[in-house]
Structures are given as C-alpha cells and as structure tokens.
Amino acid sequence: MQIAFEEARKGISSGDGGPFGAVIVKHGAIIARGHNEVVRTNDPTAHAEMVVIRKASAFLNTFDLTGCTLYVTGEPCPMCFSAIHWAHIDKVYYCNTKADAAKIGFDDTYITEIILGHIPDPVSFVHMPNKACKQLFYQWNVLPDKVPY
C-alpha cells in the first residue's frame with residue numbers, strides 16, 4: 001500500500017490527476033504501479049486502477065489477471081469496479097472510501113444511483129435494432145477458435 005501512496009503523491013505533485021495511486025501484485029511481486037492520469041492525458045478513463053490494469057495486462061500479456069491483488073488509495077468508482085471484475089482480479093485493498101472522495105469533489109454516487117434506477121439517466125441511450133449488427137454477434141459466437149473472456 002505504501003507504493004500506492006507514493007504513486008498518489010507523484011500524481012498530485014505532477015498535476016497528472018487526482019490523489020489516487022494503485023499497485024497490482026501477483027505472487028508477491030509488483031506487476032504494475034501507477035496513478036490517476038486523467039488531467040495529463042485528457043482521458044476520463046485514466047483512473048489509477050485503469051492505468052495499472054492496462055499496465056499489468058500488457059506486462060503479463062493477458063487480459064485475465066486472476067491471482068492478482070490490487071492496492072489502491074481510494075475505493076474504486078463504478079467504472080473501475082467493473083474493470084476489476086472484467087480483469088478477474090482476486091482481491092482489492094483500499095484506504096479512502098467513496099464518502100471520503102465525495103468530500104473532496106470526487107463524488108460518483110450519482111452514477112450508482114443511475115445504474116440502480118433510482119434517478120433518471122441524463123444520457124440518452126437509443127436502441128437501434130439491425131439484422132447486420134445481430135449477424136456480428138452470431139459470427140463471433142460460432143467461431144471455433146474464439147477466445148472467451
């Protein structure tokens with residue numbers, strides 16, 4: 001966790017983004033380390049967790065991070081929570097809670113409220129059924145050598 005703290009401090013001092021650092025460990029070895037880079041990269045998905053998941057996946061040459069542990073300075077937001085599950089990370093340790101983050105302007109409660117259907121979604125999602133598009137799903141599904149994830 002100390003390295004995650006150091007990464008967060010590095011991100012703060014460099015102006016890369018918010019006070020979030022993360023480390024991924026596998027079998028006791030650090031696989032990836034990083035911090036929030038939203039401001040530096042102009043990428044709203046460059047949260048510390050996303051940065052280290054991308055680095056760990058590249059380092060291990062796999063999208064499956066089973067056996068890995070994530071250490072992060074803040075409780076993961078809904079996007080990072082989802083990425084953690086997609087990556088099959090086994091365990092997450094975090095320090096500051098979502099409530100702590102909200103107090104300093106990082107409040108993602110509204111996203112959870114939208115997902116749960118408690119408040120209306122301000123983004124308009126429009127379903128556009130299309131036979132050719134459905135065919136893409138069929139085409140992938142029948143591939144004998146597809147790599148499921």
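The dialogue below walks through a predicted model of one protein chain.

Colleague: Where should I begin, and how many helices and strands does the protein chain have?

Modeller: It helps to begin with the overall layout before turning to single residues. Here the secondary structure of the protein chain comes to 7 helices and 4 strands, and, read from the N terminus, the elements run α-β-β-α-α-β-α-β-α-α-α. The C-alpha trace spans about 50 × 40 × 25 Å along its principal axes. Of the 149 residues in the chain, 30% are buried, while the area that the chain exposes is about 9800 Å², with carbon and sulfur atoms supplying 61% of it.

Colleague: What share of the contacts between residues at least 6 apart in sequence joins residues at least 24 apart?

Modeller: In this protein chain, that share is 46%.

Colleague: Which residues of helix H4 are buried, and what do they pack against?

Modeller: A helix can be read by listing its buried residues and then asking which elements they meet. In helix H4, which covers residues 78–87, the buried residues are Pro78, Cys80, Ala83, Ile84 and Ala87. These buried residues pack against H3, strand S3 (68–74), strand S4 (91–96), helix H5 (98–103) and helix H6 (109–115). Just after H4 comes His88, whose phi is positive, near 65°.

Colleague: Since Cys80 is one of those buried residues, how many disulfides does a search of the whole structure find?

Modeller: A disulfide is a covalent bond between the sulfur atoms of two cysteines. The search of the whole structure finds 0 of them. For Cys80, the closest cysteine sulfur belongs to Cys77 and is 3.7 Å away, which is too far for a bond because a disulfide needs the two sulfur atoms within 2.5 Å. Cys80 counts as buried, at 0% relative accessibility, whereas Cys133 is partly exposed, with a relative accessible area of 42%.

Colleague: Turning to helix H3, is Ser57 buried or exposed?

Modeller: Ser57 has a relative accessibility of 17% and therefore counts as buried, the cut-off being under 20%. Its place is in helix H3, residues 48–60, and, leaving aside its neighbours within four places in sequence, Ser57 is in contact with Thr62, Phe63 and Leu65.

Colleague: How should I read a residue in a loop, and where is Asn36 found?

Modeller: For a loop residue, one can look at its position, its cover and its partners in turn. Asn36 is found between strand S2 (29–35) and helix H2 (38–41), and it is buried, with a relative accessible area of 6%. Its contacts, leaving aside neighbours within four places in sequence, are with Asp16, Gly17, Gly18, Phe20, Ala46, His47 and Ala48. The side chain of Asn36 also reaches the backbone nitrogen of Val38, at 3.0 Å.

Colleague: How far apart in space are Asn36 and Gly67?

Modeller: From C-alpha to C-alpha, Asn36 and Gly67 are 23 Å apart, and in sequence they are separated by 31 residues.

Colleague: Finally, which residues form a nonpolar patch on the surface?

Modeller: A patch is read as a group of residues rather than one by one. Here Phe63, Trp86, Trp140, Leu143, Val147 and Tyr149 form a nonpolar patch on the surface, and together they have about 710 Å² of accessible area. Among them, Phe63 is also a contact of the buried Ser57. Leu143, another member of the patch, lies in the segment after helix H7 (131–141) and is partly exposed, with a relative accessible area of 37%.

Terms used:
Residues are numbered from 1 along each chain as its sequence is written. This is a predicted model: local features need pLDDT of at least 70, side-chain atom pairs count only at pLDDT 80 or more; totals for chains, interfaces and linings use all residues. Side-chain values use heavy atoms; hydrogens and water are left out. Helices (H or I, at least four residues) and strands (E, at least two) are DSSP runs, numbered from the N terminus. Buried means under 20% relative accessible area, exposed over 50%, partly exposed in between (1.4 Å probe, protein chains only). Contact means heavy atoms within 4.5 Å. A polar contact is a pair of N or O atoms within 3.5 Å; within protein, one must be able to donate a hydrogen and the other to accept it, and residues adjacent in sequence count only if both atoms are side-chain atoms. Patches are made of residues with over 30% relative accessible area and no salt bridge: like charges are joined within 9 Å, nonpolar side chains (Val, Leu, Ile, Met, Phe, Trp, Tyr) within 5 Å. Accessible areas come from the Shrake-Rupley method with a 1.4 Å probe; for residues, only the protein chains shown count as cover. A salt bridge is a side-chain nitrogen of Lys or Arg within 4 Å of a carboxyl oxygen of Asp or Glu.
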